[in-house]
Amino acid sequence: MTAIIIGASSGLGRALAVELASRKQPLLLVASERRDVEATCADLRLRHGIDARALGMDLAGEADPSARVLAALEGMPPATSLLLPVGVSRRDDDFSLDAGAIGQLLAVNLHAPLAIVHGLLPALLESKGTVVLFGSVAAQRGRGRNVAYAAAKRGLTSLAESLRQRYRTRELRVQLWQLGFLRTNLTHGMKLPLPALAPEDAARRVVDRLGKGSFERYLPSWWWPIIFLIKRLPWFVYRRMKD
Amino acid sequence: MTKSARGYALAETRLTSFDRQFAADARVQQPDRYRLLGALPEHQPYVPRGSGASYVAASFGNGATSQDMSQFNRLLAFDGERGLLHVEAGARIADVERFLIAQGWYLPVAPGHPAASIGGCIAADVHGKNPARDGRFSNWVEAIELWLPGQGALIVSPDEHADRYAATFAGFGLTGTIVSAVLRLVRAPDAFVVRRVPVKNLDEAAQVLREAANVPLLYGWHDARPGHFGRGVIRVGLEADAPVKRGRVLPDLPASIEPTSIQRWNRLGISAANAWLGYRWCRPGESRVALLDAMFPLNGARNYFAGFGKDGMVEAQWLVPNTRFTAFASALTELVNKSKPRISLVASKLFAGEADGLAFDGHGIALAIHVPSPAQSSQRAFLDALAACAIEHGGRPNLIKESTLQADTVRRAIPDFEAVREHLRSFDSEGRVQSELTRRIHL
């Protein structure tokens, strides 16, 4: 029963790999640079005795990334979980990017997850598996920064809804985690307005819920009332908020 | 926080050395992918940082960006037939030993602090529980992968780039960032039988140490109070032929320890602790100790280190040649009886290696002396007098331990220091690798 992690080189993706390996799950780890995931695979094989494979792939440059994922799965147990903690953001994503840079952000944050879900759907339906998508609290309402990133992450929310509308939970579980701050390189050194969760803690909660229905949740859960309020702020109030 | 377009972030963080003698606001990069090892701008001073557990500020300070290697902590390959482990430099020594022991192997040279990183062990060329038998960490390293700024990865070994390989041990990061290493292992014993041999003074301790030179575990603890100086016990560990059930498993000692609000190691505290330890330890006997507990005795010393309070401590460690040790022990006893410093602990070890480069080695006895509140004038005066006494008797300092050593003292103690410095800097001609340690001793 293989779990596939797209974006497994660091942060939440690597923590998910460690957590799943500790539960003896065979893994296919995908990241832009093969050496990063190869090192993690070697470590997990040695520490946990699992089958772990590495696939290096430039998600921004692949027209059909799912084809290579499917090829890499050959000989492994059936895929039952597809986790997509992949994401890239830029500080200058504030309407100052050119079209090429916007395309790259959309490719990694939206096109690649969508295309990989499409390509692996038959296998996941056959195993009655789980798709795990990761949105962001930063994408709950549009802001003057993280423009393309948030648009892509909102697209994932739509993708999760589409999957849930199309397939019943007993056919395919679809889980969408809206992530708050995590202590990763993305937030390294930032003065955050709210506490950040360790990737290991986030990974444990995600893996605990794998196979337990379809849902959209906030991680940590205390983000839910905050986002609830933010979404209901009158526009004239919201547009004055800068962070 | 600053963030560059090259994909790395810097955190502004307050860092403190383990002995609490130096603290600084430092910029810390935390690469979590190989690509980010080369992300720092050219010409920017930097220093690799393992777990930050060293007594001295070897991984931060002096305007350098600390390159935190803690995410590079993976096991890359293990050969259970030949006894070889390829491991990333940020892996912590206790985690590595735990994995190895489960496979029936272990690395015989490990420092007392379980959080020390593999890269740190190489960069300081640390010693273990019996350096006279097992030598230094360098004895157990087959090859190292370095990251050279502007050049990329380089494998060094006795056969490839041998000069840089040799200089990397006790090179304090100057020869390049240590990324991974291939370690040579030995079969792990089931446990140790540790025999206690009480000694009346340091001279007697030296005799016991020399007689037991070839055992896997060998070190002494000594009372350092005036009038009792040198009294103690030598712990002689032999391989046990049956496993021992571990009692309460202590958590690993963290890299930094929150100090107590008051200094516990005042004269009363030291007196009480020494009396209790003397009563418990200073009598013949033996006990069976699990391998991991024997390798990392500092796990039981969390309260001890916290007890130094905000003033912290200094560990002065000097290695005095065998031929001069009796005279040194006598002079040191006299110095302690006269100046009456507060010393919370003295530990002794036997060495039998060559003092090459800046490594802490030689043929002799090493004493590690814990001095609380070293900023106090009387305590500092004792440390200065200790250094003078040790140098007078041919002593060699452990640069990774004592943070009060100044450049001139180091040069008097290590006569070829300048030549070694020039050699090390030839690998870092721009002088990019900087830290409080390199500033203080003018490395």
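**A helix in chain B and a sheet in chain A**

Let's start in chain B of this predicted model, with helix α10, which runs over residues 377-392. Its 16 residues reach 22 Å from the first C-alpha to the last, close to the 22 Å expected at 1.5 Å a residue.

Now look at which side chains of this helix are hidden. B:Gln379, B:Phe382, B:Leu383, B:Leu386, B:Ala387, B:Cys389, B:Ala390 and B:Ile391 are buried in α10(B). It helps to recall that an α-helix has 3.6 residues a turn, so residues three or four places apart point the same way. What lies over the buried residues of α10(B)? The cover includes two strands of chain B, β17 (313-321) and β19 (363-372), along with the helices α9 (322-339) and α11 (407-413). Past the helix, you will find B:Gly394, which has a positive phi, near 75°.

Let's move over to chain A. Here seven strands form an open sheet with parallel pairing, and their order is β3-β2-β1-β4-β5-β6-β7. At the edges are β3 (52-56) and β7 (215-219) of chain A, each of which pairs on one side only. From one strand to the next, the twist averages 15°.

Within this sheet, zoom in on β5 (residues 130-136) and β6 (residues 173-179) of chain A. These two strands run parallel and are joined by seven bridges. As a landmark in the pairing, A:Val132 stands opposite A:Gln175 of β6(A).

Finally, add a helix to the picture: α6 of chain A, residues 199-209, lies across β4 (79-84), β5, β6 and β7 of chain A. The helix α6(A) runs at about 160° to the edge strand β7(A).

Conventions. Residues are numbered from 1 along each chain as its sequence is written. Chains are lettered from A and ligands numbered from 1 in the order in which they are written. This is a predicted model: local features need pLDDT of at least 70, side-chain atom pairs count only at pLDDT 80 or more; totals for chains, interfaces and linings use all residues. Side-chain values use heavy atoms; hydrogens and water are left out. Helices (H or I, at least four residues) and strands (E, at least two) are DSSP runs, numbered from the N terminus. The expected span of a helix is 1.5 Å times one less than its number of residues. Buried means under 20% relative accessible area, exposed over 50%, partly exposed in between (1.4 Å probe, protein chains only). Contact means heavy atoms within 4.5 Å. Two strands pair if DSSP finds at least two bridges between them. Axes are lines fitted to C-alpha atoms, for helices over the stretch in contact, and angles run from 0 to 180 degrees between N-to-C directions.
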